[in-house]
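Trainee: I should like to learn how to read a structural model feature by feature. May we begin with a single residue and then widen the view?

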Amino acid sequence: MALIRALIPLILLCISTVVHVVPLLLVALLKALLPGRGLKRRCDPLLTGIAESWIGFNNWLWDRFTKTRLVVDGSVDLQRDGHYLVLANHQSWVDIVVLQKVFNRRIPLLRFFLKRQLFWVPLLGLAWWALDFPFMGRYTPKQIARNPALAGRDIAVTRRACAKFREIPVAIMNFVEGTRFSADKHARQGSPYRHLLKPKSGGVAFVLEAMGQGLNAILDVTIAYPAGVPSMLDLFADRVPEVRVRIRQWPIPAELVGGDYQNDRAFRVRFQQWMNDLWERKDADLDALLKVE
């Protein structure tokens, strides 16, 4: 019954994906062929507009086919032409839909750092490429130990992406835990947080290093599912009664901009302590959001 209930919105979602990805790729190919950075940059608003239309349709599907209540806590002054670093906890693919519903056309298009393997997802991988989403190797310590040259590849990808992002309004999205939360991962890590995995500070540090004071603020987003973590099928089958989101806006810490996270141990320790403090507050926020009234 859940699959039958979700069938219509899922079919419409697939149709919308094709309808939006095809022009997105055509504009991206045109951008690649145009000479000069100035001409290429003229394609960016068109690419963003197509992506925002796509997201807007997905948001309409949420409103039309589900009774899921989205409760957003946090009064922040958002700018469509700003430069943000968005940090969030990660539990489900639904997180991305939630973030897009909360922020679409309120801040610049969210751009995610993605695992390289996701490039091969049919249609979506090409769409993410067209929108300049950075694809990361996410190498394990064992892989780096076998091939130390891998250690700098993701840093180089981050710097190249941020060089592009400095020229356009952008919201750089980072799921700091690096993977979706699960009880098994939580236990294996020995995480000190009740609802979160340990934060990975390196990606955030490299963005702050590359973007510097070009960022307006950090948007700290906490996503909670009081009825349990859902799948995409749960959402479109209308089995998610409520999603709660808390947004906090933080200034960019001046003392953490421009440091050498990779080579300066003292700076790395300070940065990790700042991230741990942020994660403690997020854990407390998540604990409060999950309480059923």
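Mentor: Let us begin with glycine 178, bearing in mind that the model is predicted. Glycine 178 has a relative accessibility of 24% and therefore counts as partly exposed, since buried means under 20% and exposed means over 50%.

Trainee: Where in the chain is glycine 178 placed?

Mentor: Glycine 178 lies in the loop between β6 (170–175) and α8 (183–189).

Trainee: How far is glycine 178 from serine 201 in sequence and in space?

Mentor: The two positions are separated by 23 residues in sequence, and their C-alpha atoms are 9.8 Å apart.

Trainee: Let us turn to burial in helices. How many residues of helix α9 are buried?

Mentor: One counts the residues of the helix that fall under 20% relative accessible area. In helix α9 (residues 202–211), eight of the 10 residues are buried, so this helix is largely enclosed by the rest of the structure. Among the buried residues of α9 are Val204, Phe206, Leu208 and Met211.

Trainee: Which elements do the buried residues of α9 pack against?

Mentor: They pack against β2 (83–88), α7 (153–165), β6 and α11 (265–290). Strand β6 is also the element that precedes the loop holding glycine 178.

Trainee: Which residue follows α9, and what is its phi?

Mentor: Glycine 212 follows α9, with a positive phi near 55 degrees.

Trainee: How many residues of helix α4 are buried?

Mentor: Helix α4 (residues 94–103) is mostly covered, with 10 of its 10 residues buried. The buried set includes Val94, Ile96, Leu99 and Phe103, and also Asp95, Gln100 and Lys101. After α4 comes arginine 105, whose phi is positive, near 65 degrees.

Trainee: How many helices and strands does the protein have?

Mentor: The protein contains 11 helices and eight strands. Its radius of gyration is 19 Å, close to the 19 Å that the globule rule gives for 293 residues, so the protein is as compact as a globular protein of that length. Of those 293 residues, 49% count as buried.

Trainee: What share of the contacts joins residues 24 or more positions apart?

Mentor: Among contacts with a separation of 6 or more, such pairs account for 75%.

Trainee: What can be said of the surface and the charges?

Mentor: The accessible surface comes to about 14700 Å², and carbon and sulfur atoms provide 58% of it. There are 40 positive and 26 negative side chains, and the centres of the two sets lie 6 Å apart.

Methods:
Residues are numbered from 1 along each chain as its sequence is written. This is a predicted model: local features need pLDDT of at least 70, side-chain atom pairs count only at pLDDT 80 or more; totals for chains, interfaces and linings use all residues. Side-chain values use heavy atoms; hydrogens and water are left out. Helices (H or I, at least four residues) and strands (E, at least two) are DSSP runs, numbered from the N terminus. The radius of gyration is taken over C-alpha atoms; the globule rule is 2.2 Å times the number of residues to the power 0.38. Buried means under 20% relative accessible area, exposed over 50%, partly exposed in between (1.4 Å probe, protein chains only). Contact means heavy atoms within 4.5 Å. Accessible areas come from the Shrake-Rupley method with a 1.4 Å probe; for residues, only the protein chains shown count as cover. Lys and Arg count as positive and Asp and Glu as negative; His and the chain ends are not counted. The place of a charge is taken as NZ of Lys, CZ of Arg, CG of Asp or CD of Glu.
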